[in-house]
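This report looks at backbone features and at one pocket in a single structure. It begins with the way in which secondary-structure elements are named.

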Amino acid sequence: MKIDKLKQIRDNILEEIKNSQTLEIIEANRIKFLSKKGEIPELFSKIREVANEEKKEFGKILNKLREEAYDLINNLKSSFNNTEEDKIDLSLPGRNIPVGKYHPLYKMRDEIKQIFRQMGFSVATGPEIETEYYIFDALNMPEWHPARKITDSLYVDKDSQLLLRTETSSVQIRTMEKTDPPYRIICPGRVYRNEKENATHTAMFMHCEGLYVDENVSFAELKGTLLAFFKVLYGNETKVRFRPHYFPFTEPSAEVDVTCFKCGGKGCSLCKNSGWIELGGCGMVHPKLLENVGVDSEKYTGFAFGLGIERLTMLKYGINDIRDIYENDLRFLEQF
Ligand code: FA5
């Protein structure tokens, strides 16, 4: 074979490779020209037929052709990868990334904090695992009180008297121990009770306790504070009733009810036909509690209250079953 003929074959091969339009054609040309039985190795076998004085140049041209063909194919392949497969299409609409929302229970907790802050209360917190002292003894709970039993409370360890707090009143005691009066605090937080669950009760729920202790604090101020709170939360038309009750830590004591949101007060299964839903307990701080923490009960008086945040949430958003709040069903949560 003559050198001129080889040069012509070389130009044709390189031209054909350059014209490869798709990845499949590039691969087909690689096999056609560079594989073991491909056209370029085939040309190497023709060296035998070349005149002796041209053999050297023939070999040089062939080696260069093999190199060029190899580089060309590799470059074409990588340019195809960049332009076809990894290409970013800027005209495509963006993907919707779902954004989380604030849980209705926490919305309510923050609203409660906001309302009481405006009335001059500050927020106090404390541990969820408590000793019997802070849950029962300091709160004037008699030895016989059913809440002390494991059937009512969830003990971490009965022997060491450690239990999950059943109310956040323990935070009130801890606060009064640390500082001198006056106190004006709310204590929102999780509490735990050994309860059977139903539409209005769960074993873990959120409490918001409040405490106001100063000179000459009266029951009228307690009523006024809670009434103002409920009116800001539910609107001016809200009706609240105070029912006499017994709590060991307050005297006198009352339970606070608000008109049932489901039946509007007519009576239904949710409110057990009473027309009212119980939202909390309250009363004037028992003098023994003040003495337990070294506060002069002759000089200071105070009121305390405890509200269930789930019940407040149910009333605000018309939720019929408290368990919906904890089931994390997106169809429920997305409504808020
Ligand atoms: C108490 O826990 C008293 N510590 C409240 C109190 C504080 C009275 C300060 C006086 C002075 P009670 O057990 O009733 O009270 O609970 C208060 C509120 O928590 C109830 O009115 C109700 O709204 C809510 N609650 C009680 N038990 C549950 C439960 N299992 N699931 C959901 N909410 C509950």
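Helices (H or I, at least four residues) and strands (E, at least two) are DSSP runs, and they are numbered from the N terminus. On that basis, Pro182 in this predicted model falls in the loop between helix 7 (169–178) and strand 5 (183–192), and the peptide bond that leads into it from Pro181 is cis, with omega near 5°. A cis peptide bond also runs from Glu251 to Pro252, with omega near -5°; Pro252, however, is found within strand 8 (residues 250–259).

Two residues that are not glycines have a positive phi, namely Asn273 and Asn328, and the table sets out their values.

| Residue | Phi | Location | Relative accessible area |
|---|---|---|---|
| Asn273 | about 60° | loop between strand 8 and strand 9 (276–285) | 61% |
| Asn328 | about 55° | loop between helix 10 (309–317) and helix 11 (330–333) | 54% |

Exposed means a relative accessible area over 50%, so Asn273, at 61%, counts as exposed, and Asn328, at 54%, is likewise exposed.

The second largest pocket holds about 180 Å³ of space. Its lining is made up of Pro98, Val99, Gly100, Lys101, Tyr102, His103 and Pro104, together with Leu330, Leu333 and Glu334. By residue class, this lining divides into six nonpolar, two polar and two charged residues. Leu330 and Leu333, both part of the lining, carry the numbers that bound helix 11 (330–333), which ends the loop where Asn328 has its place.

Definitions and conventions. Residues are numbered from 1 along each chain as its sequence is written. This is a predicted model: local features need pLDDT of at least 70, side-chain atom pairs count only at pLDDT 80 or more; totals for chains, interfaces and linings use all residues. Side-chain values use heavy atoms; hydrogens and water are left out. On a 1 Å grid over the protein atoms alone, a cavity is a set of points where a 1.4 Å probe fits but cannot get out, and a pocket is an open set with protein on both sides within 12 Å along at least five of seven lines; lining residues have an atom within 4 Å of a point. Grid points are joined across faces, edges and corners, and a volume is the space filled by probe spheres set on the points. Ala, Val, Leu, Ile, Met, Phe, Trp, Tyr, Cys and Pro count as nonpolar, Asp, Glu, Lys and Arg as charged, and the others, Gly among them, as polar. Buried means under 20% relative accessible area, exposed over 50%, partly exposed in between (1.4 Å probe, protein chains only).
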